[in-house]
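Thank you for asking me to look over this model with you. The points below are meant for someone meeting it for the first time, and they can be read with the structure open alongside.

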Amino acid sequence: MTTLVSPSSSSSFAILSSLKFPKPKTFQRTRSILHFTTPLSVNSIHSPQSDPPPPPPPPPAVQTFWKWMCDEGVISSKCPVKPGIVPEGLGLVAQRDIARNEVVLEVPKRLWINPDTVSVSDIGSVCGGLKPWISVALFLIRERKLKDNSLWRYYLDILPEYTNSTIYWSEKELSEIQGTQLLSTTLGVKEYVQSEFEKVEQEVILAHKQLFPLPITSEDFLWAFGILRSRAFSRLRGQNLVLIPLADLINHSPNIRTEEHASEIKGAAGLFSWDLLFSLRAPASVKAGDQVYIQYDLKKSNAELALDYGFIESRTERNAYTLTLLISESDEFFADKLDVAESNGLGETAYFDITLGHPLPPGMLPYLRLVALRGTDAFLLESIFRNSIWGHLDFPVSRANEELICQVIRGACSSALSGYHTTIEEDEKLMEGGNLDPRVEIAVGIRAGEKKVLQQIDGIFKERELELDELEYYQERRLKDLGLVGEQGDIIFWEPK
């Protein structure tokens with residue numbers, strides 16, 4: 001991220017920081033349905049004139065899982081979808097034509113895995129005070145190590161060992177995203193997970209060895225974190241974190257432009273029972289034999305998609321860069337600036353996501369001008385302007401103030417761009433060549449996207465620098481309001497009679 005430190009009376013400068021540590025709450029707010037597995041390679045040879053051969057049957061573990069779901073009463077002969085091998089790995093394939101918004105699956109609550117599942121399990125008594133995701137992670141790890149003794153073994157057997165999420169990348173693979181915000185975020189996430197593991201290891205795992213007889217490693221913990229990050233549903237009423245067996249096989253398509261596909265309903269959960277059901281609908285019509293897709297999250301950037309699921313999209317609006325602006329505590333006007341920022345929904349630090357092809361986000365320029373206020377411009381921080389200052393900051397304050405923010409942002413962009421080990425042209429040439437390893441393809445797409453956004457930001461402020469002499473500043477606007485400026489911009493004087 002780029003951090004702008006506010007100018008003090010003696011200096012003004014930009015600091016480029018590449019490390020963004022995720023806030024713990026981030027991992028309790030999975031906003032979408034997530035799924036991605038390592039692609040399985042399926043090769044077949046047939047003549048163009050012949051019909052394509054039928055897809056190979058799912059692996060034995062998937063067939064056993066399907067039978068378990070049938071035995072549990074989740075699946076009937078009328079179920080319109082079934083697990084199948086697809087380019088993404090595993091997915092839900094239509095068994096017949098499916099209409100838009102048609103229900104394709106209903107999974108009863110007794111088969112959900114969430115904090116409530118943990119609380120009634122053997123480890124529930126020692127997980128009560130833990131973060132929800134940590135308690136579910138411990139549950140998954142313990143059940144996985146129980147193997148055939150676990151009631152969830154058929155589901156756990158089909159979960160991937162890893163995805164293409166950057167949290168699973170080797171050091172060599174991570175070197176491909178050198179200089180990117182994704183690299184710093186990935187390292188921050190892994191550090192956070194490791195820290196949480198060390199804490200829960202001492203407080204829960206080692207303190208209750210009778211409940212955790214088999215060793216649990218930090219690699220186990222990272223696996224569970226990745227599973228939750230990539231497969232959890234969260235749009236259900238009162239459910240911030242829940243795994244839904246079978247439903248979580250559904251894959252993402254950028255062509256689906258709605259996130260309305262899941263709901264919680266009351267319905268039959270067997271011959272003689274009723275329960276809450278997770279209801280999954282097809283957001284678009286699907287032909288028999290085709291895969292049913294959903295949209296994971298319309299708002300996530302490519303960096304977030306790569307971190308959470310292990311893929312990126314080619315859509316321009318998925319490329320983003322986060323600028324972090326900061327009011328320095330050493331600023332002589334720190335208290336006043338902080339008060340203004342907080343009065344307008346911001347704080348000492350403000351994050352602004354800039355998206356490729358989109359204008360600067362609302363509030364960014366006013367915040368920049370606020371941070372850069374100094375010298376004679378600082379009169380705007382006086383209490384008499386407190387209720388109106390933000391409106392004034394929507395427009396250029398002075399030439400010096402506007403020039404300063406242009407210089408600082410352009411310098412920060414230049415510094416950030418120098419941190420990448422390839423150019424945009426080199427990245428585009430690699431992408432055009434094709435045949436890239438999936439993780440390398442992600443890396444190339446991420447770094448090219450970030451650089452394009454940085455160039456866009458630099459271009460915006462370069463253009464602004466060229467307009468500095470033409471912009472209208474606070475004093476001119478004030479004189480106009482008082483009727484003291486003529487049509488040609490000349491100041492009007494009155495001579496005393």
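1. Helices, as the word is used in this note, are DSSP runs of H or I with at least four residues, and they are numbered from the N terminus. By that definition W390 is found in helix 12, which covers residues 389-393. Please keep in mind throughout that this is a predicted model.

2. On the chain as a whole, there are 16 helices and 11 strands, and buried residues make up 49% of the 497 residues. Of the contacts in the chain with a separation of 6 or more, 72% are accounted for by residues 24 or more positions apart.

3. Helix 4, residues 132-146, is a good place to begin a closer reading. At 1.5 Å a residue its 15 residues should span 21 Å, and because its end C-alpha atoms are 21 Å apart, the expected and the computed values agree. The helix is followed by K147, whose phi is positive, near 55°.

4. How many of the 15 residues of helix 4 are buried? The count is 11, so that the helix may be described as mostly covered. The buried residues include W133, I134, F139 and R142, and the buried residues of this helix pack against helix 2 (115-119), helix 3 (124-127), helix 5 (153-156), helix 7 (181-205) and helix 8 (218-231).

5. Aromatic rings deserve a point of their own, since the structure holds 16 aromatic pairs. In one of these, the ring centres of W133 and F225 are 5.2 Å apart and the ring planes stand at 75°, which is over the 60 degrees required, and therefore the pair is edge-to-face. Because W133 lies in helix 4 and F225 in helix 8, this pair ties together parts that are 92 residues apart in sequence. W133 is buried, with a relative accessible area of 2%, and F225, at 4% relative accessibility, also counts as buried.

6. Two further arrangements involve rings. Ring pairs link F65, W68, F139, W152, Y154 and Y155 into a cluster, and F139 is among the buried residues of helix 4. Separately, the charged end of R144 sits over the ring of W223, at 3.9 Å from the centre of that ring.

7. Turning to the strands, strand 3 (residues 81-86) has five of its six residues buried, so it is largely enclosed by the rest of the structure. Strand 3 runs antiparallel to strand 4 (residues 89-94), and six bridges join the two. They form a hairpin with two residues between them, and within this pairing G84 stands opposite G91 in strand 4.

8. Which residue has a side chain joined to that of H252 by a polar contact of 2.5 Å? The partner is E313, while a polar atom of the H252 side chain also lies 3.1 Å from the backbone nitrogen of Y296. H252 has its place in strand 6 (residues 251-252), and with a relative accessible area of 10% it is buried. Leaving aside neighbours within four places in sequence, H252 is in contact with E88, Y293, I294, Q295, Y296, F311, E313 and R318.

9. F352 lies in strand 11 (residues 349-355) and is buried, with a relative accessible area of 5%. Its C-alpha atom is separated by 5.5 Å from that of T322, although the two residues are 30 residues apart along the chain. Not counting residues up to four places away in sequence, F352 touches Y321, T322, L323, L325, L346, P361, P362, G363, M364 and Y367.

10. To return to W390, is this residue buried or exposed? Its relative accessibility is 15%, and because the cut-off for buried is under 20%, W390 counts as buried. From C-alpha to C-alpha, W390 and S343 are 9.2 Å apart in space, while they are 47 residues apart in sequence. Neighbours within four places in sequence being left aside, the contacts of W390 are V340, N344, L346, G363, P366, Y367 and L370. Among them, L346, G363 and Y367 are also touched by F352.

Conventions. Residues are numbered from 1 along each chain as its sequence is written. This is a predicted model: local features need pLDDT of at least 70, side-chain atom pairs count only at pLDDT 80 or more; totals for chains, interfaces and linings use all residues. Side-chain values use heavy atoms; hydrogens and water are left out. The expected span of a helix is 1.5 Å times one less than its number of residues. Buried means under 20% relative accessible area, exposed over 50%, partly exposed in between (1.4 Å probe, protein chains only). Contact means heavy atoms within 4.5 Å. Two strands pair if DSSP finds at least two bridges between them. Rings of Phe, Tyr and Trp (its six-membered ring) pair if their centres lie within 6.5 Å; planes under 30 degrees apart count as stacked, over 60 as edge-to-face and the rest as tilted. A charge sits over a ring if NZ of Lys or CZ of Arg is within 6 Å of the ring centre and within 35 degrees of the ring normal. A polar contact is a pair of N or O atoms within 3.5 Å; within protein, one must be able to donate a hydrogen and the other to accept it, and residues adjacent in sequence count only if both atoms are side-chain atoms.
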